[in-house]
Structure formats: C-alpha cells, structure tokens
Amino acid sequence: MTKTLLILPGDGIGPEVAAEAVKIVNWLRAHRGFDVAVSEDLLGGASIDVHGVPLTDAALEKARAADAVLMGSVGGPKWAGQPYDKRPEAGLLRLRKDLDLFANLRPAICFPALADSSTLKREVVEGLDLLFVRELTGGVYFGTPRGIEDLGNGERRGVNTQVYTTSEIHRVARVAFELARKRRNTVHSAEKHNVMESGLLWKEEVQKLHDAEYADVRLEHILADNCAMQLVRAPKQFDVILTDNLFGDILSDQAAMLTGSLGMLPSASLGAKDPVTGKQPALYEPIHGSAPDIAGKGVANPCATILSLAMCLRFSFDRGEDADRLEAAVAQTLADGIRTPDIWVEGCRKVGTAEMGDAILKRLAA
Ligand code: IPM
Ligand code: MG
C-alpha cells in the first residue's frame, strides 16, 4: 500500500526549506522506488491567514492519518499580538499534543567540515554526537492552571504550571534508555530537583525505571543549569540527554551552536507504536524557528529540514539506506565547501537555499 507523507511548510523560512526536502522526496520517488503520496497543508500563521486558526481540524486529521508529517517552521511578528491559542505556535503544540508525540529526538552532531563554524574551539566540538530526548507533550507547556490574571489593583499575575506524572516520565525515559543501548550506553537525566518537586519526581522515577529494567545502561542525574554549563565546557561527555519539555527546548538550542548553526539540527517527534497496526505517529521538523529576519530572501539553511527528512525515512518509512545516503550527501556537500551564509567561512562558496538543496541532491544522485 502506498505510504503517505504530509508536508506542513508553515511560516517564515519554513516554505523555503520544506521545498528543498520535497525536491529530495521527489527524486527518491523517481529513482529509488520510494512509493509515497505527498500532500501539503497549512500550519501556523499561514493557516491563521486563511482559516482564522493555526491548525484546522481537517489538517489535524490529515496529520493523524498520514504515515509521517514533515514541517518547516511556524511563527512570526505578524501574529505576535494574539492570545496564545490564536498564535501560530498553538497549531504546532496542538499537533504534538493531539498526536501524543511525547518523545522528541534531537541529535546534535558536529559534521567534520563544520568544526570551524562553531563559536566554540574545534577541539571542543569536533566529533560531537549527542542526542536529546525531550519530553514533548507535558510539563509547563501544557500544565494548568495557566493564564494572566488582573488583580484589580494595578497588578497582574502570570501563571504557568510545571507538572509531570509517573507514566509521562517513564514512557519518555524508556525511549532514552532504549536509544542509549544502541549508542554509547549513557543517559544523563537533567532536571532541577534541588528547587522543584516535579524535578525530584522526575529524578526518582527515572532512577526507579532504570533499576527495574535498564540497570545495564549508565545513568547520571544532572541539574539542568549544570547541564547547560557542561554543554559548552565539555559537550563530548554526553551521549543521550533526557530532559523535560522546557529544559529540552532551551538546552537543544544551546547544543545547536556546538554543531555550527541552528540551521543544522533536525528532530523527530514520536508517539507510541500501535500494538495492532504497528503504526507510529511521527512529526519531523528542524529545531530552528521561522527566522522572520531572513524569510523570503532565499538564504536559509535547508540542512536541518533535509536531515529531518533523513530521520523520517529511517523511522517512518523503514528506508535506512536512503537515510544514510542522504546524511552522507549533506556531509559531502559541506566538505565540498558549499555553504549557506550561517555556516559560511572564508574559502567556501556562499550559496542560497535552493542551490544548497540542489548541491545535496547532486551528491545524493552521484
Ligand atoms: C521548538 C520550538 C517550539 C517549542 C516553539 C515554536 C513552540 O522552539 O520546537 O524548539 O518551544 O517547542
Ligand atoms: Mg525551541
């Protein structure tokens, strides 16, 4: 049966980078027997402009039915003044929540050719290969009560709630332990148990699950602030970093700079496999935002989206070989010295989004 892939280009540079991934999908269909039906829909501000909401029920159902969803990015100053439920980001959060995509995998790999593009010294980042497992459907992003309240005396009060349950912690920790077993067998679990009850629960439950089922994996607990510091001091000590929704958002942006650019980091957001059909809901997205400052200029780096497509091929379409080849094509293109402005250094050729995509495709086809 033909598989289905839904593309949600979104806002800002989203459509530009998504277009490069689509070029590659079409090439795989034509030359590698990738039997997939591709459709597109609106997400974020693009959907607000047409439908008045950041994600329509119809688009959500399409995403639910698809074998995988690949998105660009959402958000922008145009929609910034709206209440939270009418903002572009709410569409993405609804997609994550309603498809129950609780495990967000964010690999941070420093390609050899980019070791000098990082703001950190070459020896600190060269050979870096770490993986964030970020909890994605709980924590302070979704906890209630939330809101801004008028206290009536000229004061206002803003509230968000950080909340986790045992099962939410266990299911994401399980993903981290399983992945660590296939890597260098180490998990660092980051939280703030020194000041937060939810952090203490996180630490205790991760330890319990470890002792019961994953005692063969090395587990270290690390305070999230110390983790932030260690990420720039000695990032190669990490293999898998397991953390909650908010810390994962922050720490993964920070880790992106170890790889040279925010434009390099892909991600996969996965739900639980259906025990009967084996289908696993999955959303693939670059971790970068919509970059309104460079949107429409054709200079955005499409690598994070193309690498997200590679993850998609591997996890959702069982096409590991194509994924490996695509990742190698990105590495080779970088080694060829072809660079978008964000990763450009003296002596390299500066290209735009489409030219970068074409160069990667040429390497893939070679
Ligand atoms: C990310 C982004 C999102 C998040 C925004 C766009 C809602 O920053 O995927 O890291 O905060 O999760
Ligand atoms: Mg983020």
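Is Ala180 buried or exposed? Ala180 counts as buried, at 0% relative accessibility. Keep in mind while reading on that this is a predicted model. Here are my notes, point by point.

1. Ala180 and its surroundings. Ala180 sits in helix H6, which covers residues 166-181. Once sequence neighbours within four places are set aside, Ala180 is in contact with Asn185, Thr186, Val187, Val217, Asp239 and Val240. If you want a long-range distance to check, take Gln82: that residue and Ala180 are 98 residues apart in sequence, and their C-alpha atoms are 41 Å apart in space.

2. Leu130. This one belongs to strand S5, residues 129-135. Leu130 is buried, again with a relative accessible area of 0%. Its contacts, leaving out neighbours within four places in sequence, are Arg106, Pro107, Ala108, Arg183, Leu231, Pro235, Phe238, Asp239 and Ile241. Asp239 is on that list, and Asp239 also turns up among the contacts of Ala180. For Arg106 there is a backbone distance too: its C-alpha atom is separated by 8.5 Å from that of Leu130, with the two positions 24 residues apart along the chain.

3. The ligand shell. Which residues surround ligand 1? They are Glu89, Arg96, Arg106, Arg134, Tyr141 and Asp249. By class, the shell divides into five charged residues, one nonpolar and no polar. Don't be thrown by the nonpolar entry: Tyr is counted as nonpolar in this scheme, yet the side chain of Tyr141 has an N or O atom 2.5 Å from an oxygen atom of ligand 1.

4. Polar distances to the ligand. Apart from Tyr141, two more pairs deserve a look. Asp249 has a side-chain N or O atom 2.8 Å from an oxygen atom of ligand 1, and for Arg134 a polar side-chain atom lies 2.9 Å from a ligand oxygen. As for cover, ligand 1 taken alone exposes 320 Å², and the protein buries 80% of that.

5. Ser252 and Arg106. Arg106 is part of the shell around ligand 1, and its side chain also makes a polar contact with the side chain of Ser252, at 2.9 Å. Ser252 is in helix H9, residues 245-256. With 0% relative accessibility, Ser252 counts as buried. Beyond its neighbours within four places in sequence, Ser252 is in contact with Arg106, Phe132, Leu265 and Ile287.

6. Ser290. Here we have a loop residue, placed between strand S12 (282-284) and helix H10 (303-315). Loop or not, Ser290 counts as buried at 6% relative accessibility. What does the side chain of Ser290 reach at 2.8 Å? The partner is the backbone oxygen of Gly75. Not counting residues up to four places away in sequence, Ser290 touches Asp11, Gly12, Ile13, Ser73, Val74, Gly75, Gly76 and Ala295.

7. Cysteines. The disulfide count comes to zero. Cys303 is in no disulfide, the nearest cysteine sulfur being that of Cys348, 12 Å away. Why is there no bond from Cys348 to Cys303? Their sulfurs are 12 Å apart, which is too far for a bond, given that the cut-off for a disulfide is 2.5 Å. Cys303 itself is buried, with a relative accessible area of 0%.

8. Backbone oddities. Most residues other than glycine have a negative phi, and most peptide bonds are trans. Against that background, three spots are worth opening in your viewer. The peptide bond from Thr144 to Pro145 is cis, with omega near 0 degrees; Pro145 has its place in strand S6, residues 143-150. Asp100 has a positive phi of about 55 degrees although it is not a glycine. Asp318, likewise not a glycine, has a positive phi near 55 degrees.

9. Where the two aspartates sit. Asp100 is found in the loop between helix H4 (88-98) and strand S4 (103-109). Asp318 is in the loop between H10 and helix H11 (320-335). Is Asp318 buried or exposed? Asp318 counts as exposed at 72% relative accessibility, whereas Asp100 is partly exposed, with a relative accessible area of 34%.

Key: Residues are numbered from 1 along each chain as its sequence is written. Chains are lettered from A and ligands numbered from 1 in the order in which they are written. This is a predicted model: local features need pLDDT of at least 70, side-chain atom pairs count only at pLDDT 80 or more; totals for chains, interfaces and linings use all residues. Side-chain values use heavy atoms; hydrogens and water are left out. Helices (H or I, at least four residues) and strands (E, at least two) are DSSP runs, numbered from the N terminus. Buried means under 20% relative accessible area, exposed over 50%, partly exposed in between (1.4 Å probe, protein chains only). Contact means heavy atoms within 4.5 Å. A residue is near a molecule or strand if one of its heavy atoms lies within 4 Å of it. A polar contact is a pair of N or O atoms within 3.5 Å; within protein, one must be able to donate a hydrogen and the other to accept it, and residues adjacent in sequence count only if both atoms are side-chain atoms. Accessible areas come from the Shrake-Rupley method with a 1.4 Å probe; for residues, only the protein chains shown count as cover.
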